[in-house]
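Biologist: I am new to this structure and would like a close look at a single part of it, the place where the ligand sits. Please describe those surroundings with care, and then follow the chain outward from there.

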Amino acid sequence: MSKVFHRTAKSLPVAVKGEGVWITDRAGRKYLDASSGGVGLTCLGFRHPRVVEAITRQASTLPFIHSSLFTTDPLEELADELVTNAPPGLEKAFFVSGGSEAIEAALMIAKQCAVVRGELRRNHVISRHKSFHGGTIATLGVGDFRVRKKLFEGFLPDTIKVSAPYEYREMRSGETDQMYGERLAKELEAAIGDAGPETILAFIAETVSGGGVGALSSPPGYFKRVREICDRHGIFLILDEVYCGLGRTGKLHACEAEGIVPDILVVAKGLAAGFAPIGAVLTKGRIHEEIKSFGGGFTHSGHTLSCVAALVVQRTVREEGLVENAEVQGNLLRRLLEERFGNHRYTGDIRGRGMMQAIEFVSDRNTKEPFDPEKGLAAKISQACLNEGLICWAMNGVVDGYRGDHVMLAPAFIVRPEEVHDIVDRLERGLDKALERV
Ligand SMILES: Cc1ncc(COP(=O)(O)O)c(C=O)c1O
């Protein structure tokens, strides 16, 4: 009997080995991983020799020293690597252990800066429906993961919520995507006006939403308007690229495609690609000039071994052209998904960018009626695909927190074209089995 306080009640296979995009369990069964370790992390696959060698070397010299006592070459070089390749104006990097800590640090840095400016009333955060920003008390409160939030009702801090972009269901007939983007921006502006601009600290959004709702991106022009609104009211724009950042969308930073630079950019998953836990907060140089140093922080901030892992991962991604490969293989994946599932009777929407693609399922394509959540379609898809030796991430809740099932595909950037074909073949067999049972 396991002594682990597992996060699921179902019994799990025991993973023993990974190689490329393949995982082997203790029974010797091989799985093709179309999810980068489940949640969009392992963009170099499971055993990249260059990273393994660098981690091994660092572990035998200096695995850790607290970042308030010493700086280290890996820490300095990683900050240099990230800032050099960051959107212009993002000039400093603070390191933590993962995405949630990074979001908390981003909010705290914004608040510390507002206090230095004497703007003490800026205590509200505006975030979007359908968002996920982490699993800690604060970040769960900032996001909109309703099933999980219900478990902690009354205990979480809250934010002002505005609509997320969701063209498939919420763009009105006769509306262009520009008009839709403008409507969403106006909603943000109205929310700021209602609360009082002087009380708003930050607006936080995922540039492209992650696995929880299946790769929702914003209409063209939306983020430019958001940038302009935040600037006008002195509100920090924080972009959460924990999932979609560092190459996942086929651009190093997803916000490049939007033509804007946030005040604070948060990255994590692809940073060390699962070789070590780490996240980073990139801030405008001006923020650093104002607050000089961050008053928060954690024991593992700037962890030496994690920094080495992240440094080598980022150099490898850059030197091996893997962002470009994410775009090329992502386009192939998208084309195959459209060919294979575009006319499927239960396909509602196929969407995404680069190496994050999703299919949303509906019980009726004309009415867009989602499946009854009681049918548990998402769980059936995950299991049926696993039975086909395919790991993918299926969830429900995109419509209203409970209804609406989708499957997310987010393979590693090193995936080969024949593996992309294999993913789609296995997905088709899994979906056929899951959908015949609903
Ligand atoms: C967009 C987004 N933000 C924040 C987080 C939280 O990151 P972590 O689980 O590393 O704390 C996640 C994790 O899935 C995420 O997808």
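Modeller: Sorted by class, the residues of the shell around the ligand are three nonpolar, five polar and three charged. This is a predicted model, and its values are computed from the atoms. The shell is made up of Gly98, Gly99, Ser100, Phe132, His133, Gly134, Glu206, Asp240, Val242, Tyr243 and Lys269. Within that group, an oxygen atom of the ligand lies 2.8 Å from a backbone N or O atom of glycine 99, and an oxygen atom of the ligand lies 2.8 Å from an N or O atom in the side chain of lysine 269. A nitrogen atom of the ligand, in turn, is 3.4 Å from a polar backbone atom of phenylalanine 132. Taken alone the ligand would expose 390 Å², and the protein buries 77% of that area.

Glycine 99 leads from the ligand into a helix, for α4 covers residues 99-116. With 18 residues at 1.5 Å a residue, α4 should span 26 Å, and this agrees with its end C-alpha atoms, which are 26 Å apart. Gly99 is itself one of the buried residues of α4, and the others are Ala102, Ile103, Ala105, Ala106, Leu107, Ile109, Ala110, Cys113 and Ala114. After α4 comes glycine 118, which has a positive phi, near 80°.

Helix α15, residues 417-435, can be read in a similar way: its 19 residues should span 27 Å at 1.5 Å a residue, and its end C-alpha atoms are indeed 27 Å apart. Its buried residues include Val420, Ile423, Leu427 and Leu431, and also the charged residues Glu419 and Arg426.

Another buried charged residue is found in a loop, since glutamate 175 lies between α7 (167-170) and α8 (177-195). Its relative accessibility is 12%, and because buried means under 20%, glutamate 175 counts as buried. The side chain of glutamate 175 makes a polar contact of 2.7 Å with the side chain of arginine 183.

The chain also forms an open sheet of four strands, in the order β1-β2-β3-β13 and with mixed pairing. β1 and β13 (390-391) stand at the edges with a single partner strand each, so one side of each has no neighbour in the sheet. Strand β1 (residues 15-19) runs antiparallel to β2 and is joined to it by four bridges, with glutamate 19 opposite tryptophan 22 in β2. Two residues separate β1 and β2 in their hairpin, and glycine 20 in the turn has a positive phi of about 60°.

In a regular strand, side chains alternate between the two faces of the sheet. Strand β2 (residues 22-25) has Trp22 and Thr24 pointing one way and Ile23 and Asp25 the other way, and all of them are buried. On to strand β3 (residues 30-33), β2 pairs in the antiparallel sense over three bridges, and isoleucine 23 stands opposite tyrosine 31 in β3. The hairpin of β2 and β3 has four residues between the strands, and in its turn glycine 28 has a positive phi of about 90°.

Technical notes:
Residues are numbered from 1 along each chain as its sequence is written. This is a predicted model: local features need pLDDT of at least 70, side-chain atom pairs count only at pLDDT 80 or more; totals for chains, interfaces and linings use all residues. Side-chain values use heavy atoms; hydrogens and water are left out. A residue is near a molecule or strand if one of its heavy atoms lies within 4 Å of it. A polar contact is a pair of N or O atoms within 3.5 Å; within protein, one must be able to donate a hydrogen and the other to accept it, and residues adjacent in sequence count only if both atoms are side-chain atoms. Accessible areas come from the Shrake-Rupley method with a 1.4 Å probe; for residues, only the protein chains shown count as cover. The expected span of a helix is 1.5 Å times one less than its number of residues. Buried means under 20% relative accessible area, exposed over 50%, partly exposed in between (1.4 Å probe, protein chains only). Two strands pair if DSSP finds at least two bridges between them.
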